[in-house]
Amino acid sequence: MNTPPEDYELLRWLDGEMNDAEQDAFEARLAADPSLQAEAALMKRLSSDLRSHLPAEMPVPYADFFNSQIQVRLAQDENVQPSPAVSGGWFGWLRLPWLTTAFATAALVLAGLVAWQNSTTAGGDELVHSIYVPKAGVQARSFHSKDARATVLVLDGLEDMPADRKIVGFNISHGEVDEALAATTLFDDHGRAVAVMSKDARNQPLLLTTTNPRG
Amino acid sequence: MKHLALVTLLSAAACLHGQEPPPVQPLPVKKPATDAKVWGALVFATNDDAEAAAMPKVDVPAEFADIPARLGKVFEWKRYEVIGQHLQDVFREYESWVVPTKDLFLKVDSKGPAEGGGMNLHLQFWRDQQVLVKTDAVLKAESPLFIAGPKWRQGRLLFVLVLQKGR
Amino acid sequence: MPAPAAPDPGEVPDNDLVKRCQAGDTRAFDVLVSRYRGRIYAMTHHMIQNETEAWDLAQEAFIKAWRALPSFKMDSAFYTWLYRITHNVVYDWLRKRKLQADGEFDDSRTEHRIAAGAEAVPRGDPAPDTALKNAELGRRIQSAIAKLSPEHQQVILLREVDGMAYEEIAAAVPCSLGTVMSRLFYARKKLQELLKDCYEHAA
C-alpha cells in the first residue's frame with residue numbers, strides 16, 4: 001500500500017504508540033498544521049464513536065446453555081479418542097460417542113419433560129448431537145423410534161399456525177444455487193422456477209415465490 | 001430462462017425492500033459439488049378425515065411411500081397427508097434449502113460423511129424469518145428425521161427429511 | 001493493554017486454568033468460557049451482525065480452542081490466542097458463505113455503493129433528539145464495520161474495542177507491525193468515508 005509515513009505517525013500518535021521524543025516532535029508539527037489538526041480531530045472522534053458504540057463485551061443469550069452445550073461437545077470429543085473395541089457388538093456400540101452426547105443432551109434438553117411414547121428407545125437420540133432452540137418457551141426433545149426406524153425431533157411450545165392460513169405445499173424436483181447472487185432457485189418437475197431462496201440485509205432467509213400460493 | 005426468473009424475482013424483492021435491484025450477473029458455468037440428495041416433505045397430521053381429504057396432495061415417489069405409515073408408528077394421529085415435497089442436492093460448500101412449502105423450510109449444511117454411513121448435517125428449521133431449532137445430526141438413509149412442528153387447525157405440521165439411498 | 005487483565009485479585013489466573021485444561025479438566029475450561037464468552041460473542045456479533053450465527057460461532061471458537069489447547073505454549077496471553085482462533089472461525093464461516101461473491105466485504109463494491117449514494121441517510125434532516133441521533137450513529141457504525149473485509153474488521157476491533165497495543169494485535173492476528181499499521185490506517189480511512197455524512201451533519 002502506498003501510504004506516506006506521515007499517516008502512520010498520526011495513527012501512532014492517536015493510539016499512544018509513540019515514545020516521548022516522537023510525541024513531542026509530532027505535536028510540534030501538529031500545532032503548525034491546521035489540516036493535520038482537522039484530520040486528527042476527525043480520527044479522534046471516529047475512535048471515540050467506535051468505542052462508545054461497539055461494546056467490548058456483550059451479554060450472551062442463554063449463557064448457561066452456551067456453556068453447557070460446549071461441555072456436551074467436549075464430552076463428545078473425549079469419547080472420539082481411538083477406541084478399538086467400538087466396531088463389534090453391543091458393548092462396543094454403547095461406548096460410541098453419541099451415547100455420552102445423547103445422555104448429556106437429554107439431561108439438558110429433556111429435563112422436566114414428560115416421557116414420550118413406549119415405542120421410543122431410552123436415550124436413543126444417537127444421531128442428534130446438539131439442539132439449540134433460540135426462542136424462550138419452546139422445548140425440543142429428540143429420540144429414536146425403533147418401530148418407525150426414525151430419528152424424531154419434537155418441538156413443543158411453538159406458536160400455532162393460524163387456522164385461516166392456507167398452507168400450500170410445493171412440489172420441487174431440484175434446486176440450483178447461483179453463487180454469484182447467493183440465491184437458490186427451486187424448480188418443479190416441469191423445469192419451472194417455483195421459488196427463490198435468498199437472504200435479506202440481515203442475513204435472514206428471504207423466500208420469494210413466482211405465484212401467490214395463498215391465492 | 002431459469003436465470004431470468006431468478007433475476008426477476010430478486011429484483012422484485014429488492015424493490016419491495018426499497019433497495020436497488022442487484023446487478024445482473026453472468027450465468028454460472030460450474031455446478032457446485034454435492035455430497036448427497038435428500039427428500040424433504042411437509043406432512044399434515046390430523047384426526048379429521050374431512051380436513052385431510054380436503055388437502056391438495058403431491059405424488060410421493062415410490063421410495064418414500066412408506067413414510068406416512070412410519071409416522072404413524074411415532075405419532076398418534078389418524079391421517080398423514082404429504083402436502084408438499086422437495087428433492088434437493090446437498091451442496092458440499094454451500095448451504096442447501098429444503099422447501100416443501102413457503103411456510104416451513106429447512107437449511108442444510110453438509111459437514112461431510114458420517115462414520116458408519118450417512119451424512120453429518122447442520123440443520124436449521126425455519127418458519128418464515130424465525131429459526132425454530134438448530135441441530136447437528138446424522139442423517140442415514142435407513143433412519144429419516146421427523147420433526148414435529150407447529151399445530152395447525154385440528155392437527156399438526158410435520159417435517160420429514162430423508163437421505164436418498166445410493167448416494 | 002488488552003482489556004482482560006486480572007479483573008479480580010481472587011480470580012484464578014488464566015494460565016493456571018489453561019494448565020488444568022491441558023490436563024483434561026473441562027471444569028477449568030468452563031471457567032474460561034464464562035470469563036471470556038461475553039467478549040468473544042461481542043467480537044463475532046460485531047463482525048457478522050447476526051445474533052444466532054454469532055452465538056454459534058462464539059461457541060465454535062471455544063470448542064476449537066479446547067481442541068487446540070494441547071499445543072498452546074502460553075507464549076501469548078490466553079485471550080490473545082483465543083481471539084486469533086475466533087477470528088479464524090468467523091473468517092472461515094464468511095468464506096464458506098461466499099459473502100465476498102455477494103459483495104458484503106468487497107471493498108471495491110463498497111466504494112462503488114458509497115459513490116452511488118446508496119449509503120445515504122436522509123440528508124439535511126437531522127433528528128432533533130440526541131438519543132435518536134446516537135442510536136442512528138450506532139447503527140451506521142455497525143453497518144460500516146460489517147462492510148470492512150475481515151482483516152480490517154479484526155484490527156479495528158482489536159484496537160478500538162479491546163484496546164490492544166500494536167504489538168498485541170500483531171501477535172493476535174498474527175502479522176507484522178507494519179501490517180497492523182497499514183490495516184488500521186486503511187480501516188479508519190474506510191470507516192471515515194462510510195460515515196462521512198454523519199460527521200458532515202454534526203460539523
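**Entry 1: around Ala137(B)**

I began with the neighbours of Ala137(B) in this predicted model. Leaving aside residues up to four places away in sequence, Ala137(B) touches Leu121(B), Leu123(B) and Leu145(B) in its own chain, and Leu127(A), Val128(A), His129(A) and Thr151(A) across in chain A. I then checked where Ala137(B) sits and found it in strand E6 of chain B, residues 130–139.

Is Ala137(B) buried or exposed? I noted 26 other C-beta atoms within 10 Å of Ala137(B), and 20 are enough, so it counts as buried. I also looked up one pair of C-alpha atoms: Lys111(B) is 26 residues away from Ala137(B) in sequence, and the two lie 9.7 Å apart in space.

**Entry 2: chain B as a whole**

Next I stepped back to the fold of chain B. I listed three helices and eight strands, and along the sequence they come in the order α-β-α-α-β-β-β-β-β-β-β. Chain B has 167 residues, and 46% of them count as buried. I also looked at its contacts between residues at least 6 apart in sequence: 56% of these join residues at least 24 apart.

**Entry 3: where A meets B**

How many residues of chain A are in contact with chain B? I found 59, facing 58 residues of chain B. On the chain A side, strands E1 (128–132), E2 (139–145), E3 (150–156), E4 (171–172), E5 (174–178), E6 (183–187), E7 (193–199) and E8 (205–209) each supply at least two residues. E3(A) gives the largest share of that side, with six residues. By residue type, I have the side of chain A that touches chain B down as 35 nonpolar, 16 polar and eight charged.

I followed E3(A) a little further. It is joined by four bridges to strand E7 of chain B, residues 145–152, and the two strands run parallel. For one of the residues involved, Leu153(A), I noted Ile147(B) as the bridge partner in E7(B).

**Entry 4: a helix in chain C**

Last, I turned to helix H4 of chain C, residues 78–96. Why do I expect a span of 27 Å for H4(C)? The helix has 19 residues, and the expected span is 1.5 Å times one less than that number, so 27 Å is the figure, and the end C-alpha atoms agree at 27 Å apart.

I then listed the buried residues of H4(C): Phe78(C), Tyr79(C), Thr80(C), Trp81(C), Leu82(C), Tyr83(C), Arg84(C), Ile85(C), Thr86(C), His87(C), Val89(C) and Val90(C). What covers them includes helices H1 (14–22), H2 (26–48), H3 (51–68), H8 (150–161) and H9 (166–172) of chain C.

Key:
Residues numbered from 1 in each chain as written. Chains lettered and ligands numbered in written order. Predicted model: local features only at pLDDT ≥ 70, side-chain atom pairs only at ≥ 80, totals over all residues. Buried ≥ 20, exposed ≤ 12 C-beta atoms within 10 Å, placed from the backbone. Contact = placed C-beta atoms within 7 Å. Nonpolar A, V, L, I, M, F, W, Y, C, P; charged D, E, K, R; others polar. Pairing = 2+ DSSP bridges.
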